[in-house]
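Here is a short report on one protein model. Keep the sequence and the structure in view as you read.

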Amino acid sequence: MSTKSILQLTLCTLVASLLTGCTTYGSIENESSVVSENQQGYSLEHYQANDTRSDRITLVVAFSGGGSRAAALSYGVMKALRDTNVEIDGKSERLLDQVDLITSVSGGSFTAAYYGLYGDQLFERFEDDFLRKDYVTEWIYGLASPLLWFSSQGRTDIATQLYENQLFRGATFADLQRRDAPLILLNATDLGGGIRFSFIQEYFDLLCSDISSYPIARAVTASSAVPIMLNPVVLKNHKGCINPAQNYLRNLDDKRLESLSPHLLDTLQSLRSYQNKDEREYIHLVDGGITDNLGLMAFYEMVELAGGIQGFMERIGTRPSERLVIISVNASAKPRYNIESTNEIPEIEDTINAVTDTQLHRYNAATLSLIRDSMERWSDELGSWWKPVDPFLIEVSFEGIQQERQRMFLNQIPTSLSLSQDQADALIQAGEQLVKDHPEFQRLMADF
């Protein structure tokens, strides 16, 4: 979304805030779970892989932020995986059915959650339910409704209700536990703790809470809640439970701590801070893209905090595969600004956009470099423990578009929850083509 659009929306939200009163409180929907040693919620540890998935490939897909632009590009990649067949154990299998994990932030979380709930219905309904609708206008109409002036609903509640009515229809995380579904990892940002928060039972354990009854619509809202435009989604940090997640963080030995990078040490300290129930009674969640715009750090941190790739595999009770494949779907755009065509002082909108884009792209580049190096290291670790593992990192982004005119068109699509028909068509087609044309994807196909 352009800065001008955000400013206009912010004005609407400020007016709505004045009309609805000075103080708004976040709705609390995460239930307390006093004792959860045997918690069977939506978790890494209790995830049951689809029987049709082969041990010849571990496939992780990461969907970035970027509003509907990210959702459409991710959808195109999912179509490509659906239409790509590989021969496994003498049978032709869809590559889509070999996906083990989808991790997502912000706009990418709409595609991830929808597929996690409905499977192949994604390809029948998602375009009409989400990509071809103008959710921005519907949200503004909700803000302008006189009914809001006399209710306790806030801006975030309106967004959640929209997603509930048109996309997720009362679904909770218990509904994600389908035998034939990959694990879906929706990620937000803990505003007070300054770290990523993943909607999975291990994180809810830290809050003495049960994720099973938590609404999918509320989680997706948190993952995509742009600060100021939307209020944070609030979770209660309940007291009085005992669970494996808390014990694991508390009992990490000194030798393990010494091996952690400063980034991981900071993450660990922030996770431990959930034990301070009186100081951190309420957790405020906003857009996941603030702490991890590619959705890749969720997987990286879980592996490293579990003691490396071997410890991670052992903890979730699975064996490594012959191939470790990560597909990073990066919908970040590089729009062209006119500030270099004149010595006129740039407008505030152009300045903010340029600064934000610079920070985003540099952080994305650093994240991809970290993942690339980590995959090589994980491959070596698994090779010494089990047998050699071949790593594949497939980076899907607009930089892979060869035609300059098409690349410019895609890069000029703003971050919003509204797309024109031409924009949606171009993004879906780009997602399909970019993954199929990627050299690492082609190497993977040849390897099979």
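## Arg218 and its helix

Arg218 sits in helix H9, which covers residues 216-223. The model is a predicted one. Is Arg218 buried or exposed? Its relative accessible area is 6%. The limit for buried is under 20%, so Arg218 counts as buried.

Which residues does Arg218 touch, once neighbours within four places in sequence are set aside? They are Ser27, Glu29, Thr156, Asp157, Thr160 and Val233. Glu164 offers a distance to check: its C-alpha atom is 8.2 Å from that of Arg218. Along the chain, these two residues are 54 residues apart.

Now take the whole of H9. Its buried residues are Ile216, Ala217, Arg218, Ala219, Val220, Thr221, Ala222 and Ser223. That is 8 of the 8 residues, so H9 is largely enclosed by the rest of the structure. What do these buried residues pack against? The partners are strand E5 (99-105), H3, H7, strand E6 (183-190), E9 and strand E10 (282-286).

## Two helices that cross: H3 and H7

H3 and H7 both pack against buried residues of H9. They also meet each other. Helix H3 spans residues 108-118, and helix H7 spans residues 155-168. Their axes come within 12 Å and cross at roughly 45°. The two helices are therefore oblique to each other. The crossing of H3 past H7 is right-handed.

Which residues meet at this crossing? H3 supplies Phe110, Ala113, Tyr114, Leu117 and Tyr118. H7 supplies Tyr163, Leu167 and Phe168.

## Positive phi in two loops

Most residues other than glycine have a negative phi. Two loop residues here go the other way. Arg169 is not a glycine, yet its phi is positive, at about 50°. It lies in the loop between H7 and E6. With 43% relative accessibility, Arg169 is partly exposed.

Ile228 also has a positive phi, near 80°. Its place is the loop between H9 and E9. Ile228 is exposed, at 60% relative accessibility.

## The disulfide

How many disulfides does the structure hold? It holds 1. A disulfide is a covalent bond between the sulfur atoms of two cysteines. Here the pair is Cys208 and Cys241, with their sulfur atoms 2.0 Å apart. Cys208 lies in the loop between helix H8 (201-206) and strand E8 (209-210). Cys241 lies in the loop between strand E9 (233-236) and helix H10 (244-250). The bond therefore ties together parts that are 33 residues apart in sequence.

The torsion about the S-S bond is about -75°, so this disulfide is left-handed. Both cysteines are buried: Cys208 has a relative accessible area of 2%, and Cys241 has 11%.

## Ser321 and its neighbours

Ser321 belongs to the loop between helix H14 (309-315) and strand E11 (323-329). Is this loop residue buried or exposed? Ser321 is buried, at 5% relative accessibility.

Its side chain makes a polar contact with the side chain of Thr58, at 2.7 Å. Thr58 is one of several residues that Ser321 touches beyond four places in sequence. The others are Ser54, Asp55, Arg56, Ile57, Trp386 and Val389.

## An enclosed helix: H13

Helix H13 runs over residues 297-305. How many of its 9 residues are buried? The count is 9 of the 9, so H13 is largely enclosed by the rest of the structure. Among them are Met297, Phe299, Tyr300, Glu301 and Leu305. Just after H13 comes Gly307, with a positive phi of about 100°.

## H17 and H18

Helix H17 (residues 421-437) and helix H18 (residues 439-447) form another crossing pair. Their axes come within 5 Å and cross at roughly 60°. H17 and H18 are therefore oblique to each other. Val435, Lys436 and Asp437 in H17 meet Pro439, Phe441 and Gln442 in H18.

## The whole chain

Step back to the full chain. Its secondary structure comes to 18 helices and 12 strands. The chain has 448 residues, and 55% of them count as buried.

Finally, consider contacts with a separation of 6 or more. What share of them comes from residues 24 or more positions apart? The share is 82%.

Definitions and conventions: Residues are numbered from 1 along each chain as its sequence is written. This is a predicted model: local features need pLDDT of at least 70, side-chain atom pairs count only at pLDDT 80 or more; totals for chains, interfaces and linings use all residues. Side-chain values use heavy atoms; hydrogens and water are left out. Helices (H or I, at least four residues) and strands (E, at least two) are DSSP runs, numbered from the N terminus. Buried means under 20% relative accessible area, exposed over 50%, partly exposed in between (1.4 Å probe, protein chains only). Contact means heavy atoms within 4.5 Å. A disulfide is a pair of cysteine sulfur atoms within 2.5 Å. A polar contact is a pair of N or O atoms within 3.5 Å; within protein, one must be able to donate a hydrogen and the other to accept it, and residues adjacent in sequence count only if both atoms are side-chain atoms. Axes are lines fitted to C-alpha atoms, for helices over the stretch in contact, and angles run from 0 to 180 degrees between N-to-C directions. Angles under 35 degrees count as roughly parallel, over 145 as roughly antiparallel, 65 to 115 as roughly perpendicular and the rest as oblique. A crossing is left-handed if the near helix is turned anticlockwise from the far one by less than a right angle, and right-handed if clockwise.
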